[in-house]
Amino acid sequence: MTATLEALRDTPPGTARPRSGKRGRAGQRTRTFYLFVGPWIAGFVLLTIFPLAYAFWMSLTNTDGLSPNWSYVGLDNYVRVFQDQQTIASLGRTMVFMLATVPTGVAAGLAMAVLLNRDFRGRALFRALFYLPAVVPGVAAALTFKIIFDKNAGFANAAIGATGGEPISWLADPYVRMVLIFMILWGVGGSMIVSLAALQDVPRELLEAAKVDGAGPVYSFFRITLPLLSPIIFFQVVTGVIGSLQVFVPSLLLAPVNGAAAVTAVPEGNYFFMVHVYAEYFAKSHFGYASALLWVLFLFVLLITGVVFKIGNRAVFYGGVDPSERKD
Amino acid sequence: MRGSLGTTASQAAPSKTELSRRSLMRGTALGAAAAAGAGALSACAPSAGGSDGGKTTLTVMAPENEIDIKAAEAALGLKIKRVEVDTTKLTAMLASGTAPDLVRGLGAVETPYIVARDLALPLDDYFAKSELLKEDDIDPINDVWRYDGSVQGKGPRYGLAKDYSQDAMIWYNTALFDAAGVDYLSDTEPVTYDQWLELGKQLTQKDGDTTSVYGLSAGGLGLFITMVNMTASAGGSLFADDLGSLDFSSPEGQQALSWYLDYARARVGFSPVEPNPDGWDWPPYQTGRLAMSWSGYWFGGSIAAEPALAETSRFAPAPVMGAERISPCFGATGYWIPKASKNHDDAWKLFEWFMGGQPAKDRAAGGWGLPSLLSLRADLPTGTPAQAQALTVQDAEADYFKVLSFTPYVKVEALDAVLNQYLPDAINDGTSAAALADTLNNDMNALIDEGKELVK
């Protein structure tokens, strides 16, 4: 208190008092901060944290969402997750799908970006054409793919037939997963556009300096371009991994039954984890068990993302710095 | 051990307390939203049963254009808000205390389920007073909307079909019959399932492994309900008398399974191993790629819009598997009023107007299904030879209607999911009907047992 009074006494006339000024500005900044982030925090709590907590609560019961006589089952639903063959199989399928689509999608997007980053006539047109499938609505894409891969009248079998091959029942097991993967990769233009934007940020002087030093295009790509793109590639891998672990709608769209009932008729090859979760929720009314499945998936996604980050930290050149030389 | 939110399991009351139930239901709604997106949450917003300037606001869960909202508002002096038909949304609305006032449903397979969960309002008192919906005018098909706690088809009425069909009947394209040199089906005598499959084989046109015309489609309105129908037609019943278990191992159940496996292995129609890319029968039938569709009277509505196709389309009775000739209804799509609705009387007004007023007359004249009121049958279209033939066959078929009881313990989708899980391998691997029956019994009865725990 004495020190404060002395400070006030020593303040020259006409000068704002430091105590109220600094604290006032700090308080205003704090209020402004919370004013801006408040809506997001409220939304996050109400639409993410609260439902997650309630889903956890439900996962401890056997409720079907409608019946009056639910009961607590403790951790039974979680134990069941690891005993349910359909769950384990669908998780395995999802992992295979992730491993098939994420690296392929990112690599294909990057390859297309590299091609379209070169100077040639009609470049803008090709950029637009390659990106176009990414903006086609998923439902339209799925219907188109169903027509293309129809066993009897589809273009795919017509092409196979023209070469003397036997028609394939593409929309049934085991081929239907391939159709789904084709469909996902068809939208690789999204990845291409991100990689293309990153490519255009690679400093030309670095590439020209390497050229002067005798580096060929392949060497320059792998030693200069790719490291500089690695944060963007890493971003695509992370979002791709999270998205592919939750793949759901495309499976339903390729099912032989239309509408919500499609979830009961998804061929085994496309019966991924989220399809299983949806079937458990809304076909079998296992709200408790399905909530447990969601929580397991949530933890699984966290785990896989953590592993990806761990690997990424050893390979990503943040700010152009070699990860092996980073001190943190 | 039952419990409630906010109590530990050991503290939980053993009975179903209203508070705990509601609390969990709210949680259920939110959890559903977490799983299925924000759709469920938006449904939690107060919406149902309000009052706007003295007018009651009704919330109706119906597809777009099924109920003429403006006409209903003008006729009844109500304000009506429509929400999309969505199980997730319905669950959320019921759970959050904002139940819709009128809900679309499939009477044939949903009535015991919603009644056992105490969701539907019994409507007998309303029917008794109604001037538009008189008991002696209601088509017996609407018994699928009745359930007395143990038998479907008896007890209080919980809803009414907006229109219906006897869904195991057959539409066929005579041009494809002529092309294959196959005799037409009788208008009065049903074929057996074996004869039907044989016809399907004769009508199927293949070019190597590519099929240009499928002989028949035996998907119906869902695999499980068709199994129930075939078993009943063979003289048995898939469900036990108390609807608390099912048995595919009975001779009749195995007969049904065997027939379906034979059908799917013959690749003469759509199945889990021969998927229909269009998802339903109309597109292949319309384009001459399907000779026989296993569809009821309603399919004639699509056919009538295509004059050329109507000239070559005929309607035939449902096939029989054994001694008993039956012709059930698998859907009976209609409406029910939730007990939790806050506007029972006004909901009934809308229900009554829609089911017995001008909309019902308009629907009957449209030919997209049979009216629920016997007095409206005269309004069914007979303007073309195809419509007249269809109605003649339909009138004769009415005598063979039978309510197929459905279990209250599990939704039909759950049983369809089990069938779809095992059928592809069974079809491809040559699994016997007996072995498949054991697997299905095991999984389906487990689901039913779980359901029993919830409606004790």
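In this predicted model, B:Lys452 touches B:Gly244 and B:Tyr409, leaving aside residues up to four places away in sequence. B:Lys452 has its place in helix α18 of chain B. B:Pro408 is 44 residues away from B:Lys452 in sequence. In space, the two are 8.5 Å apart, C-alpha to C-alpha. B:Lys452 has 18 C-beta neighbours inside 10 Å, so it counts as partly exposed. A buried residue would need 20 or more such neighbours, and an exposed one would have 12 or fewer.

Helix α18 (433–454) of chain B also takes part in the contact between chains. Here, 49 residues of chain B are in contact with 51 residues of chain A. Several elements of chain B each supply at least two residues of the side that touches chain A. They are α1 (18–36), α4 (87–95), β11 (210–217), α17 (412–429) and α18 (433–454). The largest share comes from α1(B), with 10 residues. By residue class, the side of chain B that touches chain A divides into 24 nonpolar, 13 polar and 12 charged residues.

Chain B itself is divided into two domains. Domain 1 covers 40–164 + 330–382. Domain 2 covers 170–327 + 409–454. Each domain is thus written as two segments of the chain. The C-alpha centres of domain 1 of chain B and domain 2 of chain B lie 29 Å apart. Between these domains, 11 residues of domain 1 are in contact with 12 residues of domain 2. On the side of domain 1 of chain B that touches domain 2 of chain B, helix α5 (residues 107–116) of chain B gives the most, with 3 residues. That side of domain 1 divides into 6 nonpolar and 5 polar residues, with no charged ones.

A hairpin of chain B is formed by β5(B) and β6(B). Strand β5 spans residues 146–147 of chain B, and strand β6 spans residues 152–157 of chain B. The two strands run antiparallel and are joined by 2 bridges. In one of the pairings, B:Arg146 has B:Arg157 in β6(B) as its bridge partner. The hairpin has 4 residues between the strands. In this hairpin, B:Gly149 takes a positive phi near 100 degrees.

Methods. Residues are numbered from 1 along each chain as its sequence is written. Chains are lettered from A and ligands numbered from 1 in the order in which they are written. This is a predicted model: local features need pLDDT of at least 70, side-chain atom pairs count only at pLDDT 80 or more; totals for chains, interfaces and linings use all residues. Two residues are in contact if their C-beta atoms, placed from the backbone, lie within 7 Å. Ala, Val, Leu, Ile, Met, Phe, Trp, Tyr, Cys and Pro count as nonpolar, Asp, Glu, Lys and Arg as charged, and the others, Gly among them, as polar. Domain bounds come from an automatic or database domain assignment. Two strands pair if DSSP finds at least two bridges between them.
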